[in-house]
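Me: I would like to learn how to read the packing of helices and strands in a structure of this kind. Could we go through it feature by feature, with the general idea before the particular case?

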Amino acid sequence: MKVLKFGGTSVANAENISKVITILKSESKKQKLAVVVSALGGTTDMLIKAGELATQKDKDYIKVFQNISERHHKTVEGLIKGPRKRTVFKQIDDMLNDLKQILQGIYLINEFSDKSRDKILSFGELLSSYIISEALVQIEKKSTLKDSRDLIITDSNYTNANVISKITSENISSFFNKNKERIVVLPGFVSSNKAGDTTTLGRGGSDYTAALVAAAIKSSTLEVWTDVSGMYTANPKLVKQAFAIEEISYQEAMELSHFGAKVLYPPTVQPALQRSIPIYIKNTFEPKAKGTLITKKPKSKNGPVKGISHIEDIALLTLEGNGMVGIPGFSKRLFSALSRHEINVVLITQASSEHSICVGVYSKDAKQAKSIVDDEFAYEISLKRIQPLLIEDELAIVAVVGDKMKSHQGISGRLFSSLGQNNVNVRAIAQGASERNISAVIAHKDIKKALNTLHNRFFEKQVKTLNLFVVGVGNVGAILLDQIKQQQDYLSKNLLLNIKVVGISNSRKMIFNEEGIALSTWTEQIKKGKARTHKSFFEAVKAQNLSNSIFIDVTANEDVAKTYKDYLKESIAVIACNKIACSSKYSDYQELKELSRKYNASFLFETNVGAGLPIIYTLNNLINSGDTVTSIQAVLSGSLNFIFNNFNEERTFYDVVKQAQDEGYTEPDPRIDLSGVDVARKILILAREAGFKLDLKDIKNEAFLPKSSLKADSVADFYKTLKSEATHFESLYQNAKAEDCQLKYVAEFNNGTAKVGLKAVDKEHPFYNLKGKDNIVLFYTHRYPEQPLIIKGAGAGAQVTASGLFADIITLGRN
């Protein structure tokens, strides 16, 4: 024989009860069943509300009663067929009449005692068990209803009665030994004292009823049927990748239940635990799902950690002071004071210095706890031996649970390093000697991030999820999104990287989707997006609070660059295509680097210098490995290289510049490229990354543009000067040709000084044969004093720039 318990959601209405009956019909063919049922989901709360309204002389209790009545009538209507329906309705009405009379009595005498409360609450289970038993008889004739109050005997501690185990066990055994029916339905939660008055078993009472029955009849198994397919590795509402645990030990189940896994209430299943009765957690709505087996010796498949749970709304209380050191009795007085006022302590931690004791309590109890503790230690506080109790609120506890954690090194290290890497600050830690549970107190706002981070660390194939927030979706930004879309499956399969674009913004609108924006339709979605500002976008990213968040700037906007420090301070990595931040004042550049280190948030900007070329990456490797840069010679503008490679006798300078702009090689305003400022910014960034303290004003810019071009008020006026100054540009070309040289715009850095300008290079120079839009960089260092380390390749164009950004994303993902 086995015991099955069905919770409130499983018996919430006629449709759900029909599913329960289908399960019972199937199971009863294999063996006899004892079936414990809860009240229809939500009924208990409605009964409490009706009683409280009645005692407050509020006639709205009648409306609540009518809702209870209508709900049970509707359930009968949907389940009971034929002439039997009238009999069932009469019995239900008689029970509801009794309930109504009790409520009227409470209304008249203005008293809702614990005894009355138990009487009222019992109607929930008594009504549901009667309806379910009558519906069951229609399908399985060999079924019956047994009132649990005849079997479970308690003391008179109403609302949370203590079971008299010996009498209860004998009653249950005697009844089931004589029972001939295949199925016995019992109301959960209800019991009676020796005088025959109704009592209830408190929180989790229906689980307790089922466990008492299972223990007394030595049931083969106890099945708890609910609305989830077992105990999960984490709360599936917060962690999408959470999955049902196949097998778990009693102790692990108790730990997870204590820390928020609400499938079981630990104290109530003790009778089953004491007899080592296997407990199955099953899903009424997916009866074929395997569920979770809670047993003495589970078979482990998922490593040492079995689950991650959490408790919300926690306050941390800290009692501290020099007067505590070496003085016995402080802990006893603290806990005794809290206990006397029935304040539950959820977590305890104390440093070995004895200077402080921290305890976690529910936030609702924090204010009362402070008053109690400050009163208890008023004398010591007056002498300043200890400080008044300190309260930190808006906290939560996350707990990692597993029997075998004690035999595996490094669990704590992985836990805390994973949280730290995602800017989840740990306020307090608690771990018992059994090492079955490691608990950490964190900010309430970080719950979801912490659970997902830890679940990924301990349960998932080490696929790392990157959450991208992309600002600037013009030419390069749009291509980047397309490249990500094309490579998502490949990166997941081969690099174990799950790249999600969760935020996109152009200059006017922004859209967000925590599950990932569909990259095939983002252009349509953003048209319907919210209006954006730099601040509103940042606040939205911050509010998402996702692990491994990356802000990607694909603009040339100075105001966007000024927001980098805000992201870094929130431990959000920054990838910048925008050169402004790294070429602004040296102090600003240095601040960003320091913030990156302080908040463990990467700051990458490879595309600042060579689009997709690994120039900064190579330079960093040289410096980090101990080399010293002495000189840098480079062609760093693919735009200018394209222009001067295509400028000749047959084409005017104006025509070539216009082509470069049309093909996307220059900025929308080509003056940025042709003025040399863009190249100056690039050599400045390289010099800084090489360890030199320079500002943009320190870079000598030898302009080749005539004054009229430099002073042009608009892009249109600038193009006009290219026509009017055609002779100037033609002479530059002819002078170089006469010496059999090529024109190249060169950046140079030598021993702490830098300059940029147009040069005529001869055939022997490495820059001479540089074609198209290619860039080239020559690093001269202590290790490369004569033959430089050379990097060469396409240095302009939307595709290669987007791929450079993509490379930075992948670099972050693999770190």
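Reply: Let us begin with what it takes for a helix to lie across a sheet: contact here means heavy atoms within 4.5 Å. Please also keep in mind that this is a predicted model.

Me: With that in hand, which strands does helix α17 lie across?

Reply: Helix α17, residues 534-544, lies across β18, β19, β20 (509-512), β21 and β22 (549-553), and its direction makes about 5 degrees with that of β20. Helix α30, residues 798-814, also packs on the sheet, where it touches β18, β19, β22, β23 (573-576) and β24, with its direction at about 160 degrees to that of β23.

Me: How many strands form that open sheet, and in what order?

Reply: Seven strands form it, in the order β21-β20-β19-β18-β22-β23-β24, and the pairing is mixed. The strands at the edges are β21 (530-531) and β24 (603-604), each of which has a single partner strand, so one side of each is left without a neighbour in the sheet. As an example of a pair within the sheet, strand β18 (residues 464-471) and strand β19 (residues 497-505) run parallel and are joined by eight bridges, with L466 standing opposite I499 in β19.

Me: What is the pairing in the open sheet that contains β13 and β16?

Reply: In that sheet the pairing is antiparallel, and six strands follow the order β13-β14-β12-β15-β17-β16. Here β13 (345-350) and β16 (426-431) stand at the edges with a single partner strand each, which means that one side of each has no neighbour in the sheet. Neighbouring strands are turned against each other by 30 degrees on average, direction ignored. At the β16 edge, five bridges join β16 to strand β17 (residues 437-443), and the two run antiparallel; the bridge partner of Q431 in β17 is I438.

Me: Which helices lie across strands of this sheet?

Reply: One is helix α10 (residues 330-340), which lies across β13 and β14 (356-362) and runs at about 15 degrees to β14. Another is helix α13 (residues 411-421), which lies across β15 (390-401), β16 and β17 and runs at about 15 degrees to β17.

Me: How should I describe two helices that pack on each other?

Reply: Two packed helices are described by the angle between their axes and by the distance between those axes. In this structure, the axes of helix α3 (residues 60-79) and helix α5 (residues 114-137) come within 10 Å and cross at roughly 10 degrees, and α3 and α5 are therefore roughly parallel to each other. H72, T75, V76 and L79 in α3 meet L127, I131 and A135 in α5, and by class these residues divide into five nonpolar, two polar and no charged.

Me: At what angle do helix α2 and α5 pack?

Reply: Helix α2 (residues 43-55) packs against α5 at an angle of about 150 degrees, with the axes 9 Å apart, and that makes α2 roughly antiparallel to α5. The crossing of α2 past α5 is right-handed. On the α2 side the contact is made by T43, T44, L47, I48, G51 and E52, and on the α5 side by R117, I120, L121, F123, G124 and E125; these residues divide into five nonpolar, four polar and three charged.

Me: Which term describes how α23 and α24 lie to each other, and why?

Reply: The axes of helix α23 (residues 638-646) and helix α24 (residues 653-662) come within 9 Å and cross at roughly 140 degrees, and α23 and α24 are therefore oblique to each other, since the term roughly antiparallel is kept for angles over 145. Their crossing is right-handed. F642, I643, F644 and N646 in α23 meet F653, V656, V657, Q659 and A660 in α24, a contact with seven nonpolar, two polar and no charged residues.

Me: How many salt bridges does the structure hold, and what do they rest on?

Reply: Side chains of opposite charge can pair when their charged atoms come close. The structure holds 37 salt bridges, and in one of them the side chains of E376 and R340 meet at 3.1 Å, N to O. E376 lies in helix α11 (residues 363-376) and R340 in helix α10, so the pair ties together parts that are 36 residues apart in sequence.

Conventions:
Residues numbered from 1 in each chain as written. Predicted model: local features only at pLDDT ≥ 70, side-chain atom pairs only at ≥ 80, totals over all residues. Heavy atoms only, no water. Axes fitted to C-alpha atoms, helices over the stretch in contact; angles between N-to-C directions. Helix = DSSP H or I, 4+ residues; strand = E, 2+ residues; numbered from the N terminus. Parallel < 35°, antiparallel > 145°, perpendicular 65-115°, else oblique. Left-handed = near helix turned anticlockwise from the far one by under 90°. Nonpolar A, V, L, I, M, F, W, Y, C, P; charged D, E, K, R; others polar. Pairing = 2+ DSSP bridges. Salt bridge = Lys/Arg side-chain N within 4 Å of Asp/Glu carboxyl O.
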